[in-house]
Amino acid sequence: MTRRIAGGCGCAALLAACLVALVTGAEGQGNGRGAKTVIAGSSAVYLGQQTNAWRPLVKTTANLTDVRSIKSTFEFRTFDPEGMVFYGDNKSGQEWFVLALHNGVPEMQIYKADILISVTGGPRLDDGQWHLMEVSTEGKFVLLEVDGSKALMVGLHSKMVEEVITGQLRLALGGILINSNKLLVPFRPEMDGCVRGGSWLDLTTPWETEEEGLELWPCLERIQRGSYFPGSGFAVFNTSVLGIEAPESGVKIALEGELGQMDGTVLSIRGGDQTLMLVVEINNNSQTILLTFGNTVFHIAHNSKTLTLTVGQHSLNVTQGQEPVERLEFTPEIQNVGQSVWKEGRLAIGGLLGEGEVTIGSNFLIGCLEKISIQGKQLDLDLAAKDASVLSYSCPVRQRERDNGPDPL
């Protein structure tokens, strides 16, 4: 367990009020005029569709006098090792609580009076399985249980007289209602995960989307690890942020998945001068992989789940599985781009890069990439300029792969 504390003393009354609140559910309605969508608190909702990373997906307010329980339970599922789950506060954010995942395990951050504390511990939850979570208060302690076992306990003791907390409690899912610089431990808020089956403090107040006109996405029935591209967007990296050192042996890019079930552009790379250096496209109809390297175009049949491209100093080597299938020498124009592309270029996963603006693209990929790595290191799509439709850590399980039938929500 990791524990960090800043400040002096505080009290645990806040914890009973806002540590145990969350909502699930994508079954809701708007008013037909682009208003905020209203949802119930018991059905499933996908957390990862925010257009602004820190802005909550849904939120609600309730009078603290309406709180009748000190226990909340919900189910949570993700492959994502880091991101925001829920937030609660009172006094308009003067006292607050955050529950997130950090390195795959739960992390709680609490601010009360002059004390700021962060506690991390418990089992890894980024395994793609549904986990039953329970948050409750026991005196001055707050307890987090996962699948019936104690995972975290945190307490605050104050010599000050406990005040009676009144006013309103604000609860938010998938984001926070304070400035992120107030957190003791920074983290990336994006969460590719789902919650369902919640029971929250016996409150019945409705929740609403923070963004007007937002139609909430449902959770996928069953998921597998990977990155899912639905054909409406892609993820773009500036190569300078990837920290790639190009050795003499070349930069190795490995793509893994059911290539025969994909369609569209898997990978594209442009140099700093906008020269299109490399494109990998899959044609589902012809069951072939089309590689464009500078002005050279060639086709290969996909007969393996893994396609490896090694961009050397003077050539491109293509391998399927363990079998080399093509070697192309650099043309003069590509030679110039190849010398600088890892320092000032752009690399896109799931679409064909356009010229100019980072977000311009076309021929977007439909399919699941199970692994995407450069030099043996898995790419984190949350670090890219990514379309909201792309799921960074999970893919739907195709119908014929469901050996036990659908997983009902």
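1. Start with Val337. This residue is buried, at a relative accessible area of 2%, and since buried means under 20%, the label fits because 2% falls below that cut-off. You'll find Val337 in helix H2, which covers residues 332-338. Val337 also shows how a chain folds back on itself: 63 residues separate Val337 from Gln274 in sequence, yet their C-alpha atoms are 9.2 Å apart in space. Keep in mind while you look around that this is a predicted model.

2. Next, have a look at strand S7, residues 83-90. Eight of its eight residues are buried, so S7 is largely enclosed by the rest of the structure. Who are its partners? On one hand there is S8, paired with S7 in the antiparallel sense over seven bridges. On the other hand there is strand S14 (residues 168-173), joined to S7 by five bridges and also antiparallel. Tyr87 is a handy residue to click on here: its bridge partner in S8 is Val98, and its bridge partner in S14 is Ala172.

3. Stay with S7 and S8 for the turn. The two strands make a hairpin, with four residues between them. One residue of that turn, Lys91, has a positive phi of about 55°.

4. Now for the aromatic rings. How many aromatic pairs are there? The count is seven. A pair like this is described by the distance of the ring centres and the angle of the planes. Take Trp96 and Tyr111: their centres are 6.0 Å apart with 25° between the planes, and the pair is stacked. The label follows because planes under 30 degrees apart count as stacked. Trp96 belongs to strand S8 (residues 95-102) and Tyr111 to strand S9 (residues 105-112), so to speak two distant parts of the chain, 15 residues apart, linked by the pair.

5. Are the two rings of that pair in residues that are buried or exposed? Trp96 has 1% relative accessibility and counts as buried. Tyr111, at 28%, counts as partly exposed. The reason is simple: buried stops at 20% and exposed starts over 50%, so 28% lands in between.

6. Two other ring features deserve a click. Phe74, Phe86 and Phe97 are linked into a cluster by ring pairs. Elsewhere, Arg196 lies over the face of Trp130, 3.9 Å from the ring centre.

7. On to the sheets. One open sheet has six strands in the order S27-S26-S25-S20-S32-S33, paired antiparallel. Strand S27 (323-329) and strand S33 (377-378) are at its edges; each has a single partner strand, so one side of each has no neighbour in the sheet.

8. Zoom in on the S27 edge. Strand S26 (residues 315-320) is joined to S27 by six bridges, and the two run antiparallel. You can check the pairing residue by residue: Leu316 stands opposite Leu328, and Asn317 stands opposite Arg327. S26 and S27 form a hairpin as well, with two residues between them. Gly321, in this turn, has a positive phi of about 60°.

9. There is another open sheet of six strands, also with antiparallel pairing, in the order S4-S15-S6-S11-S12-S13. Its edge strands are S4 (45-46) and S13 (149-155), each pairing on one side only. Strand S12 (residues 141-146) connects to S13 through six bridges, again antiparallel. For a spot to look at, try Val146, which stands opposite Ser149 in S13.

10. Last come the pockets. The largest pocket holds about 580 Å³ of space. It is lined by 25 residues, and those nearest its centre are Lys377, Gln378, Leu379, Asp380 and Leu381. Which elements give two or more residues to this lining? They are strand S32 (371-374) and S33. By class, the lining of the largest pocket has 12 nonpolar, six polar and seven charged residues.

11. The second largest pocket has a volume of about 320 Å³. Of its 21 lining residues, Gly48, Gln50, Glu190, Lys386 and Ala388 are the closest to the centre. The lining of this second pocket divides into nine nonpolar, six polar and six charged residues.

Conventions: Residues are numbered from 1 along each chain as its sequence is written. This is a predicted model: local features need pLDDT of at least 70, side-chain atom pairs count only at pLDDT 80 or more; totals for chains, interfaces and linings use all residues. Side-chain values use heavy atoms; hydrogens and water are left out. Rings of Phe, Tyr and Trp (its six-membered ring) pair if their centres lie within 6.5 Å; planes under 30 degrees apart count as stacked, over 60 as edge-to-face and the rest as tilted. Buried means under 20% relative accessible area, exposed over 50%, partly exposed in between (1.4 Å probe, protein chains only). A charge sits over a ring if NZ of Lys or CZ of Arg is within 6 Å of the ring centre and within 35 degrees of the ring normal. Two strands pair if DSSP finds at least two bridges between them. On a 1 Å grid over the protein atoms alone, a cavity is a set of points where a 1.4 Å probe fits but cannot get out, and a pocket is an open set with protein on both sides within 12 Å along at least five of seven lines; lining residues have an atom within 4 Å of a point. Grid points are joined across faces, edges and corners, and a volume is the space filled by probe spheres set on the points. Ala, Val, Leu, Ile, Met, Phe, Trp, Tyr, Cys and Pro count as nonpolar, Asp, Glu, Lys and Arg as charged, and the others, Gly among them, as polar.
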